[in-house]
2 protein chains.
Amino acid sequence: MFGMTNKKVSTESYKGVRDFYPEDQAVQNYIFGVMRKVAESWGYLEYGASVLEPLELYKSKSSEEIVNDQIYSFTDRGDREVALRPEMTPTVARMVAARIQELPKPVRWYSIPNLFRYEKPQRGRLREHWQLNVDIFGISSPYADAEIIMVAADIMKKFGAKNEDFVIKINSRELLQAMLKKASIPESDSLLVYRLIDKKEKMPEDEFRRSMASLVGEEPAEKILEMLYFDGALTTVFREEASASRLEEVINILKSGGVSNVVFEPTLTRGFDYYTGVVFEVFDTNKENPRSLFGGGRYDNLAENFVNEKIPAFGFGMGDVTIHDFLETHELLPDLASSTDLYIAVAPEADLAEVYKVADAFREKGVNVAVDIGNKKLADQLKSLEKNKVPFVVTIGPTEIETKQFTLRNTKTREEKTGSIEEVSRLLMDVEPTRFR
Amino acid sequence: MFGMTNKKVSTESYKGVRDFYPEDQAVQNYIFGVMRKVAESWGYLEYGASVLEPLELYKSKSSEEIVNDQIYSFTDRGDREVALRPEMTPTVARMVAARIQELPKPVRWYSIPNLFRYEKPQRGRLREHWQLNVDIFGISSPYADAEIIMVAADIMKKFGAKNEDFVIKINSRELLQAMLKKASIPESDSLLVYRLIDKKEKMPEDEFRRSMASLVGEEPAEKILEMLYFDGALTTVFREEASASRLEEVINILKSGGVSNVVFEPTLTRGFDYYTGVVFEVFDTNKENPRSLFGGGRYDNLAENFVNEKIPAFGFGMGDVTIHDFLETHELLPDLASSTDLYIAVAPEADLAEVYKVADAFREKGVNVAVDIGNKKLADQLKSLEKNKVPFVVTIGPTEIETKQFTLRNTKTREEKTGSIEEVSRLLMDVEPTRFR
């Protein structure tokens, strides 16, 4: 249009989020596919919700850091305060609370939502990530805690990880509470103490000691540090406290269920304020990068924000970015083929309408097929296949259309076989490569 | 906490968006599953992107109405103008433009993104919906136009719709342009005229006539109306114009490919400004509700917003809400079973650790299995099954654990069969109910 400048719009995505080109999307689909398959094999049902939630949902429910510094929120045209969900737990608690009377218990649900946090983008920390959430509601049995952790461990195994590749650290908020009591730290300070302990790995030890002392006083600080870091918990607190037997039961169910890589970790707190019982966190055992992968815990009081009822709940969240890094580090990402099984290269003299009919016939046999309608030289069509990662190709010209005999070529092994559509389709479906859906 | 009021947070979702309880999510998964399966069978690859995009992406690229009145946008903490994508086409054009040199052509891509528009919520019009987008890039052949429309028709058929249940109306922006020229309407007014024609069905005829006259003048208005509404296009314009032969070719390819329910509709314009060639729109033929279902078209100039290159492009968007309504009206939604195959009811005396081992063994055979760990009476466990829609149940007590023989009950037919885990699993997998993934 007249007067329009020729200034180009950037092809970059918004800062801190990702574009998923087909090869990237295939990896996401593989990761989500494993998560989905395992969750469903344990009887968990998929649910979903919008990424937009009333901001009110997060106020004083998530951690303060999230709401104050990291949440994406805005006021809509109708003057409502809206947030892009930073985590899924408040949403699932809201949905379960809304229908708690009619839902058959236990409620076993999973979802793979995208979540937003305003963070400085860096490795493993993006502004948008996807996170598998697996939760069980309506049941306070230690079997609920253990089952959720077993699902988490099963997913790791189905990704190809061995028990020695990761360790499940486990603790209990009730036990932590008992330790705080023994150190004469008032209950009203407990959340602040948990948050500080949660940050321990991110600061030098003396800074941590000083922060603890200034938070609770010199003497209580010494006591709590002794319990947390010098096996004090194991030798005294764990034996004396009732809450410890619950934790022990969960650990025993896990071990009897084949989850041997679980260890009691008295300093494990988890960041969120809403946890009330057992908490766990999975770590990479790789010595060069012993990072935290994901975790979860029991949160029996969250539903009370919505209804006059406690709803027992236990769940975890497993993020795609961290898992992707883990799989890459441990060389567990499979080489994924294209979702297209067969590429039809078109000889220049071929009648495209007839080629389309052949493609249709392949499709009816369940073959995913793309036709090259680019009118390129045959050599160029075949060259583009290498980029496409399509496992098979067939070239169609007037002869093939007349004889109805097609020569299938494996693009990797270059092996060729000739036959009818039916015969060739059977060959194709037999050698189906790694795909997930 | 002291001083905290007991005010409850609402369990409602944000206005105009939906919660997907497992039974709703199953329907979404079914709909997405059909879309995905058909798109991939035609060789289209899945891509993805974030729902957040720079606002700049939509300025003067989408329709004015969207950017001014309907877009969700806000300023982030780093002072960037961000939008929640109202449509996917600018995103996919951005992504293709960014890698146009290395992408093998034709680029065949699909995605099922969620999109946001600030609308007054009403039936079929929500603030968030999901939309299948199927696009082909790098090719201007009429086969590209036709293939995309064939994919759309194939999806309708795979949903169970017959050719007589829907009609594909087709037109061409180039042909429209020629008609406008014949009516002496200047090219600079064309977008305004298209937008007005696009709204024709939403206003009384005399209002439409008056609006057209005041937009382009009495005489040109009469001329264009005659061409558009009194077969003027068919009898004169269509025969004379070069752009008509292209449209005819597309129609012929479609008919030769079995898409017989396609008709030329000279008043079809489509809302978006970026279309440059053939446009199409699919309508329900149901006389009580002959609504528009979805549509698309050619947009060869959009990529020029990003790079100094025209990239031929043709695509369509198919929304979940409209399709869901269509399937419901035509009674095409299947009765979906739970993703859980087997429910294990637990007799009170059973050792839960042993029951879990049995569940594991079923899982290894590929069975999705949920264990009732609720410690309820057996009768109550079985009652909850009806709500769950799980197709099979097995009750496990000490006898079953000892004898390793399990009685499988079909929860619908009440038929029972007894056997080992292996035998029972085989039965289960054979009668797999309608499920999509």
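**An open sheet in chain B and the contact with chain A**

Modeller: In chain B, five strands (DSSP runs of E, at least two residues, numbered from the N terminus) make an open sheet with mixed pairing, ordered E14-E13-E15-E16-E17. Two strands pair if DSSP finds at least two bridges between them. The model is predicted: local features need pLDDT of at least 70, side-chain atom pairs count only at pLDDT 80 or more, and totals for chains, interfaces and linings use all residues. Residues are numbered from 1 along each chain as its sequence is written, while chains are lettered from A and ligands numbered from 1 in the order in which they are written.

Biologist: Which strands of chain B stand at the edges of the sheet?

Modeller: An edge strand here has a single partner strand, so one side of it is left without a neighbour in the sheet. In chain B this applies to E14 (369-371) and E17 (416-419).

Biologist: What is the bridge partner of Ala345(B) in E15(B)?

Modeller: Strand E13 (residues 342-346) of chain B runs parallel to E15 (residues 392-396) of chain B, and five bridges join them. Within E15(B), Ala345(B) is bridged to Thr395(B).

Biologist: How many residues of chain B are in contact with chain A?

Modeller: Two residues are in contact if their C-beta atoms, placed from the backbone, lie within 7 Å. Helix H1 (residues 22-41; helices are DSSP runs of H or I, at least four residues) gives the largest share of chain B's side, six residues. On chain A, 73 residues take part, and on chain B the number is 73.
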